[in-house]
Amino acid sequence: MKQIILTITGCIILSLAFAQGPSSGKIRIGGGLAYGSEIKNLGLNILGTYDITDNIRVAPNLTIFMPHKDEFIGWTYKLGLWELNLDAHYIIPVNNDMFDVYPLAGINIAFLTSKGEVTDPTLQGNPVYEFSTSDVKFGLNLGVGGEYPISEQLGVFLELRYAISDFDQFVVKTGVAYRL
């Protein structure tokens with residue numbers, strides 16, 4: 001697990017180093033909210049984009065979902081999820097650059113944690129059995145998005161993405177991005 005985190009951190013640092021390269025590139029940073037269909041909860045999203053050309057950009061982003069809690073006949077569990085995505089966007093200007101739409105494709109790394117316990121009411125609610133697991137799932141992202149500029153530096157975006165993996169999930173993401 002430590003090797004995976006170190007590899008991801010290295011990739012992010014390299015991405016940022018390359019983003020500081022040619023002055024023709026446009027860098028955006030931002031964030032917003034996301035909703036995941038399988039975790040069934042809201043998440044916070046942090047993103048960056050770097051324009052490679054006028055129509056192609058890379059978009060690394062991190063989404064941390066609020067834990068999902070559930071109970072079922074004496075079982076109580078909490079599912080946690082955070083995702084690291086590296087997507088590519090193909091920008092299609094609409095109405096003289098007033099609005100941009102883009103298909104997206106990329107890599108998804110989902111980090112899942114679950115904790116739970118089984119209780120017996122006859123034992124005053126004390127846990128009979130406790131468990132804790134964690135897992136990493138690798139997958140592919142496919143989706144579409146749109147961005148509307150509010151000003152020269154600020155824009156709002158909406159993305160619809162499906163992560164194809166052992167933990168398939170449909171994610172709706174919205175937020176703001178600031179151009180540096």
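Where is the place of Ala 177? Ala 177 sits in strand S9, where strands (E, at least two residues) and helices (H or I, at least four) are DSSP runs numbered from the N terminus. Before going further, a word on the ground rules: this is a predicted model, in which local features need pLDDT of at least 70 and side-chain atom pairs count only at pLDDT 80 or more, while totals for chains, interfaces and linings use all residues. Residues are numbered from 1 along each chain as its sequence is written, and side-chain values use heavy atoms, with hydrogens and water left out.

Let us stay with Ala 177 for a moment. Ala 177 counts as buried because its relative accessibility is 5%; buried means under 20% relative accessible area, exposed over 50%, and partly exposed in between, with a 1.4 Å probe and protein chains only. Its C-alpha atom is separated by 7.5 Å from that of Phe 157, although the two are 20 residues apart along the chain. Phe 157 is also one of the contacts of Ala 177 beyond four places in sequence, and others include Arg 28, Gly 30, Glu 147 and Leu 154. Contact here means heavy atoms within 4.5 Å.

Now step back to the whole chain. The protein chain has 1 helix and 9 strands, and from the N terminus on the order is α-β-β-β-β-β-β-β-β-β. Of its 180 residues, 35% are buried. Among contacts with a separation of 6 or more, 53% join residues 24 or more positions apart.

One link between distant parts of the chain is aromatic. The count is 1 aromatic pair, with Phe, Tyr and Trp rings (the six-membered ring for Trp) pairing if their centres lie within 6.5 Å; planes under 30 degrees apart count as stacked, over 60 as edge-to-face and the rest as tilted. Trp 82 and Phe 111 have ring centres 4.1 Å apart and planes at 15°, so this pair is stacked. Trp 82 belongs to strand S4 (residues 75-90) and Phe 111 to strand S6 (residues 99-119), 29 residues apart. Trp 82 is partly exposed at 30% relative accessible area, whereas Phe 111 is buried at 3%.

What about empty space? Rolling a probe the size of a water molecule over the atoms shows where such space is left. On a 1 Å grid over the protein atoms alone, a cavity is a set of points where a 1.4 Å probe fits but cannot get out, and a pocket is an open set with protein on both sides within 12 Å along at least five of seven lines; lining residues have an atom within 4 Å of a point. Points are joined across faces, edges and corners, and a volume is the space filled by probe spheres set on them.

The search finds 1 cavity of 30 Å³ or more. The largest cavity holds about 90 Å³ and is lined by 14 residues, with Leu 47, Thr 49, His 89, Tyr 102 and Glu 159 nearest its centre. Strand S3 gives the largest share of that lining, 4 residues. Tyr 102 has another partner: Arg 57 lies over its face, 5.0 Å from the ring centre (a charge sits over a ring if NZ of Lys or CZ of Arg is within 6 Å of the ring centre and within 35 degrees of the ring normal).

The second largest pocket holds about 440 Å³. Its lining has 20 residues, and Lys 26, Arg 28, Asp 97, Asp 100 and Arg 179 lie nearest the centre. Strands S7 (127-149), S8 and S9 each give two or more residues to this lining.
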